[in-house]
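Here are a few short exercises for getting to know a structure you have not met before. Try each task on your own, then compare with the worked solution.

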Amino acid sequence: METNLEKATAFSKEHLQDFIKELQDILRIKSISSDPVYKSEMIKCADWLVAYLKGLGVTDARSMDSGKNPIVFGSLNQAGAGKPTILIYGHYDVQPPDPLNEWTHDPFDPVIEGNLLLARGSSDMKGQAMIMLSAIKSILAFGSLPVNLKFLFEGDEEVGSPSIVSFLNEHKELFKSDFVLNLDAGMVAKDKPTIVYGLRGLAYFEISVRGPAHDLHSGLFGGIVYNPIHALSELIAGMKDSAGRITLPGFYDDVLPLDEKERAALNALDNPDAYYIEQTGVKETFGEKGFTNVERIGARPTLDVNGIWGGYTGEGPKTVIPARAFAKLSMRLVPRQTPAKVLQQLTLYMQQHAPRQIQWEIKQLASDPACITSMDFYGTRCLVKSLEKVMGKTPVFKREGGSIPIATHFQNILGMESVMSGFSLPEDRVHSPNEQLDLELFEKGIETVIDFFYRMAEEGCK
Ligand code: BES
Ligand code: MN
């Protein structure tokens with residue numbers, strides 16, 4: 001007799017093409033959260049998910065007002081009180097596709113090339129969300145789910161989830177579950193299934209600098225005023241020393257050193273420099289002295305300029321001293337650092353170093369503390385076994401450099417741990433032109449999640 005697990009798995013393989021078509025449908029929606037021009041696309045995408053959940057029989061599926069983009073909720077209680085309730089997390093927003101001319105095709109008209117599906121959001125993370133939904137669909141094709149589920153799909157993850165704290169505080173009971181399944185954290189390589197047990201946080205700022213009251217003729221006034229672009233460049237340049245250390249006062253005070261055991265475990269996953277050179281296209285890697293690449297990415301904080309502008313950048317020469325200059329600047333944070341403290345440190349640095357001839361202002365754009373989860377959580381233990389079975393390899397444990405703001409808030413506000421993994425690869429070009437999803441991993445992902453639900457119900461892994 002075929003078990004339900006076997007039936008659902010066979011179903012998922014037979015219907016893979018249908019699942020890919022559904023993924024292509026949601027990828028056509030331009031749900032770019034950073035630009036208000038796409039508001040109607042955000043609503044369309046949330047409605048698409050609500051309709052999808054309704055189609056699965058999630059009768060209470062609905063789009064909820066979060067103050068920003070809608071949050072999609074739903075629940076499916078088919079397993080009864082004795083079985084765990086898992087919160088399925090996803091974000092339906094994507095990063096802007098810019099620079100558009102570097103795409104080989106339309107970012108919102110998904111195409112399949114060999115084993116790859118190319119589109120904005122294919123890997124980060126509509127593909128990951130559809131892995132979970134396709135797994136659920138495959139199980140429901142035969143009967144009921146062995147575990148209870150709730151759903152939360154947000155539309156502001158890529159802009160730092162600015163309304164998520166107040167939203168979760170307002171709806172604690174609705175979302176309360178035993179734990180969260182979050183497939184937004186990726187895997188380190190195709191043959192290395194991964195459990196991600198740590199994420200960095202983010203503190204994001206815009207600095208604006210003002211010199212003269214208006215732009216000046218650089219001949220008539222050049223030589224007697226401090227050029228604000230020059231001042232801003234000096235300030236930014238001084239934020240890091242030649243050893244790659246960040247110079248903001250007190251920046252490392254709260255950064256915990258890695259203990260030897262964790263250091264050894266992390267470093268077992270490191271790649272040679274050649275790997276990072278190949279992934280990034282740089283001539284040479286560069287980072288904080290005294291740390292390996294894997295430590296620099298997962299366990300050390302960073303500071304990066306994300307954009308800088310000011311003055312004249314159009315065609316031909318224009319002899320001008322600009323009145324203002326701007327930069328977007330962000331720090332990736334590790335546990336115990338807080339965005340509020342980093343703002344103080346940045347402010348102090350500016351007070352100490354900005355030339356007195358210029359005025360400056362700091363705006364905080366996004367803030368999110370780092371997150372560490374327990375490596376020995378029962379949900380994680382179950383996912384380890386499912387990954388082992390389906391992927392044929394024992395998963396590695398990694399701290400990742402990216403951020404998912406909601407993970408910390410799930411812990412703090414709802415007391416819920418997140419089980420974090422994913423089927424996106426470092427070479428998927430997330431946030432970059434020509435984002436791609438590996439469709440073999442999409443298939444394996446569905447199989448893994450099906451196995452995970454049955455395993456949670458039957459073994460529990462406690
Ligand atoms: N999926 C990523 C985060 C990620 C990537 C985690 C790889 C682990 C491994 C997520 O969608 C993302 O890009 N988050 C933003 C959040 C920010 C705007 C607060 C990020 O990290 O830049
Ligand atoms: Mn992302």
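The exercises below concern a predicted model, and each one is followed by its solution.

**Exercise 1. The sheet**

Task: Work out in which order the six strands of the open sheet lie, and which strands form its edges.

Solution:
- Step 1. Follow the strands across the sheet: the order is E1-E2-E6-E3-E7-E17, with mixed pairing.
- Step 2. Look for strands that pair on one side only; these are E1 (62–64) and E17 (417–420), the edge strands.
- Step 3. Compare directions: neighbouring strands are turned by 25° against each other on average, direction ignored.
- Step 4. Zoom in on one pair: E7 (residues 179–182) and E17 run parallel and are joined by four bridges. Within this pair, Val180 has Ser418 in E17 as its bridge partner.

**Exercise 2. A helix on the sheet**

Task: Find which strands helix H4 touches.

Solution:
- Step 1. Locate H4 at residues 122–140, where the helix packs on the sheet.
- Step 2. List its contacts: E2 (71–76), E3 (85–91), E6 (148–154) and E7.
- Step 3. Set the direction of H4 against that of E3, and you get an angle of about 145°.

**Exercise 3. The nonpolar cores**

Task: Which residues of the largest nonpolar core touch the most other members, and which helix gives the largest share?

Solution:
- Step 1. Begin with a general idea: in soluble globular proteins, nonpolar side chains tend to be buried together.
- Step 2. Here the largest core has 70 residues, and those touching the most other members are Ile86, Leu133, Leu149, Phe153, Leu181, Phe442 and Phe453.
- Step 3. Helix H14 (residues 439–458) supplies the largest share, eleven residues.
- Step 4. Take Phe442 as an example: leaving aside neighbours within four places in sequence, its contacts include Leu16, Phe19, Met130 and Leu437.
- Step 5. A second core is separate; it has 28 residues, among them Ile236, Val342, Tyr349 and Ile362.

**Exercise 4. The manganese site**

Task: Which residues coordinate the manganese ion (ligand 2), and why is the arrangement irregular?

Solution:
- Step 1. Pick out the coordinating residues: Asp124, Glu158 and His431 are among them, at 1.9 to 2.7 Å.
- Step 2. Check the angles: ideal values for six octahedral donors are 90 or 180 degrees.
- Step 3. The six donor atoms around this manganese ion subtend angles of 53 to 156°, so the arrangement is irregular.
- Step 4. Trace two of these residues along the chain: Asp124 sits in helix H4, while Glu158 is in the loop between E6 and helix H5 (164–170), 34 residues apart. Both Asp124 and Glu158 are buried.

**Exercise 5. Backbone details**

Task: Where are the cis peptide bonds from Asp98 and from Asp124, and are Ser161 and Arg336 buried or exposed?

Solution:
- Step 1. The bond from Asp98 to Pro99 is cis, with omega near -10°, and Pro99 belongs to the loop between E3 and strand E4 (111–113).
- Step 2. The bond between Asp124 and Met125 is also cis, with omega about -10°; Met125 is in helix H4.
- Step 3. Ser161, in the loop between E6 and H5, has a positive phi of about 45° without being a glycine. Its relative accessibility is 5%, so Ser161 counts as buried.
- Step 4. Arg336, in the loop between E13 (324–333) and helix H11 (339–353), has a positive phi near 85°. With 52% relative accessibility, Arg336 counts as exposed.

Terms used. Residues are numbered from 1 along each chain as its sequence is written. Chains are lettered from A and ligands numbered from 1 in the order in which they are written. This is a predicted model: local features need pLDDT of at least 70, side-chain atom pairs count only at pLDDT 80 or more; totals for chains, interfaces and linings use all residues. Side-chain values use heavy atoms; hydrogens and water are left out. Two strands pair if DSSP finds at least two bridges between them. Helices (H or I, at least four residues) and strands (E, at least two) are DSSP runs, numbered from the N terminus. Axes are lines fitted to C-alpha atoms, for helices over the stretch in contact, and angles run from 0 to 180 degrees between N-to-C directions. Contact means heavy atoms within 4.5 Å. A nonpolar core is a set of buried Ala, Val, Leu, Ile, Met, Phe, Trp, Tyr and Cys residues joined through side-chain atoms within 4.5 Å. Buried means under 20% relative accessible area, exposed over 50%, partly exposed in between (1.4 Å probe, protein chains only). Donors are N, O and S atoms within 2.8 Å of the metal (3.2 Å for Na, K and Ca); water is not among the atoms, so sites may look incomplete. Four donors count as tetrahedral if all angles lie between 85 and 135 degrees; four count as square planar and six as octahedral if opposite donors are over 155 degrees apart and all others between 65 and 115; anything else is irregular.
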